[in-house]
Structures are given as structure tokens and as C-alpha cells.
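Welcome, and please open your viewer with the cartoon and the residue labels switched on. We will go from stop to stop, selecting a few pieces each time.

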Amino acid sequence: MILITGADGQLGHDYIRIFKERGVEFIATDYKELDITNIDAIREFLKGKGIELIINCAAYNNVDKAEEEPELCYALNAYSPRDLALVAKEIGAEYITYSTDFVFDGTKNSPYTEEDEVSPLSVYSRAKALGEKLTLDRSFVIRTSWVFGIANNNFNRQVINWSKGRDLLSIVDDQTSSPTYSYDLALYSLKLLATKRYGLYHLSNSGEASKYSQAQYVLDSIGWTGTLNRGKSSDFKLPAKRAEYSKLDSSKLEAVIGEKLPTWQSGIDRFLDEMKMRGEL
Ligand SMILES: NC(=O)c1ccc[n+]([C@@H]2O[C@H](COP(=O)([O-])OP(=O)(O)OC[C@H]3O[C@@H](n4cnc5c(N)ncnc54)[C@H](OP(=O)(O)O)[C@@H]3O)[C@@H](O)[C@H]2O)c1
């Protein structure tokens, strides 16, 4: 049996979709059913369920609010991943958890590999970096970036909302990484899992984009006819510092699974199709 935590979020939703398509049995939980910050509750919940795989999709993802709520952010992004890893070890289950491109400071000019030193710039990214370190063996720790999916708010949805009733938008062009479709993140995580080659991996859709070029792609795709201006991060005073460049190099994962990851543009195309199918576009 498979346990998914944080199952109401973007990634959790797409794991559920894939498991349903494949007829795989799973138990989906979000904090109402299983609060991952409570290790005793996790142990109690798992009793007698025959869990063989724990997929941790739960996280604290509000990068700016984390500056005000470091304790909650560390509980969810550092100590809970460790506790889930411990519990997985106790019951002999495999374990996957997720981290972020934000563990890097953006001073490199080429994609970050798993061998690059982390240098986190914010509470959120320091908590994630610690969570990676505290997670034990027989685990996959997968770093990803700029995730978007149907089940939650994300940058694509924000851009679509901002464009409604407006003919002028300004989006920063000095932050670059890879937008990643949560469906691809789930799908390729499962391909990696099948290899049993535990460890740290980068998994993002291929290609790179600035926030500006991602927004441009979304706006062109939905037929917006307004003007998109280039902004700078310094124009928007946000509490958490962000790296200018945090593109992840996913070639280690691609070599292990023997497949190339789809492009971020293809991810956005499929995400917009999903929105259309649900009448949201
Ligand atoms: N989103 C991104 O851009 C991004 C970038 C890099 C890495 N990642 C990582 O990728 C993974 C998946 O992200 P995602 O975008 O799918 O996240 P998401 O949509 O924010 O989903 C996270 C889920 O965890 C739930 N949760 C919060 N506190 C919990 C608790 N105490 N116990 C159990 N569940 C709890 C959330 O509920 P509420 O919504 O009610 O809080 C939410 O349903 C995470 O590890 C994330 O940090 C994401």
C-alpha cells in the first residue's frame, strides 16, 4: 500500500490521478487526516496498513510568509521530512520527499547539478536544505522548481488572473529556472522509484525560462492581446530573497531512467488543456 501525504496539493493530486489510471491502491491524506508535523500521529496512522511506500507531497510553500513563520516552515520542510524518513525506515517502506531549486543562491551561470554546494537565501530554502540533510537512506530526495498543476494556485494561474480586464502587465525577467508540471513531476518520480537507485536527484521540465518568458508563453497561449513589460525583482519588494538563476540540471535522473524530460512549454500546454477541460479557461 502507498501513503501520500499533502495529497490535496498540486503534486499529490497528480499522483492520485496516475494511481487511479493504473489501478494502483493508495491512501491519500492531507493535514486533516494526517498532520505530518506529528510523528506519533504518523506512527499510529500507519499501524496495520501495510505501507510499502511513503510519498511526501506536503510542504510549507509560501516563500515570503516563511520569513514571518520560520518555526512552522522548519516543522514542515525540515523536521517532518526527517520524521517521515525515520518512520519509513521503521516499517521498511520506501520514501520520496521533495526539495527545491531555491537551495541554490543563483550565482552559477549554468544548470545546477546534485554535486553543487547549496547556499540558501531565505528561511524557506534554509529549511528545505536542512530537510534534505536530515533525510535518511533508502530514500529519494527530489529537487524541483516552479511547480504548477491543476490542484492549487501557481504562477500560471496568477498570470491568467492578472491578465483579466488588463492590457498592461509587468513581470520580472531577472529570475530564471524551469517551470515544472506537477503531472510530469509525479510521473517521472515513479519512473525513478522503479529503478531503486536511491539518492538525491534534480527533476524539472527541460529548458529554462525567466518569469517573464513563462508569462509570455501563457499569455500568448490564451490569446491575450495586451502589452507585457519586463520588470526587475527590485521593483517588487518581497520579504524573501530569490536567486536570479536556479535552473536544475536533470541529466542524472534522465540517465538513470533512460528518458528525456518533456519541455516546460509542453507542460504548460497540457496544464492549459486541463484547465479548459475543467471549464476554468
Ligand atoms: N510549488 C512550487 O513552486 C515548488 C517549487 C519547488 C519545490 N516544491 C516542492 O514540491 C513539493 C510539492 O509541492 P506542491 O506545489 O504540490 O505543494 P502544494 O500544492 O502547496 O501542496 C502541499 C500540500 O501539503 C498540505 N499541508 C500543509 N501542511 C500540512 C501538514 N501539516 N500535514 C499534511 N499536509 C500538509 C497543504 O495543505 P494547505 O494548502 O492547506 O496548506 C497542501 O495540500 C513540495 O515539497 C514543495 O515544497 C514546490
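Start by selecting Leu 3 and Ile 27: Ile 27, in strand 2, is the bridge partner of Leu 3. Residues are counted from 1 along each chain as its sequence is written. You are looking at a predicted model, where local features need pLDDT of at least 70, side-chain atom pairs count only at pLDDT 80 or more, and totals for chains, interfaces and linings use all residues.

Now select residues 2-5, which are strand 1; this strand pairs with strand 2 in the parallel sense over three bridges. Strands pair here if DSSP finds at least two bridges between them. Strands (E, at least two residues) and helices (H or I, at least four) are DSSP runs, numbered from the N terminus.

Next, show the whole sheet: six strands, open, parallel in pairing, in the order 2-1-3-4-5-10. Strand 2 (26-28) and strand 10 (199-202) each have a single partner strand, so one side of each lacks a neighbour in the sheet. On average, neighbouring strands are turned by 20 degrees against each other, direction ignored. Axes are lines fitted to C-alpha atoms, for helices over the stretch in contact, and angles run from 0 to 180 degrees between N-to-C directions.

Add residues 123-134: this is helix 4, lying across strand 4 (94-100), strand 5 (139-144) and strand 10, at about 155 degrees to strand 4.

For the last stop, select helix 2 (residues 39-46) and helix 3 (residues 70-91), whose axes come within 10 Å and cross at roughly 35 degrees. Label Ile 39, Ile 42, Arg 43 and Leu 46 in helix 2, which meet Asp 83, Leu 84, Val 87 and Ile 91 in helix 3. Contact requires C-beta atoms, placed from the backbone, within 7 Å.

Methods
Contact = placed C-beta atoms within 7 Å.
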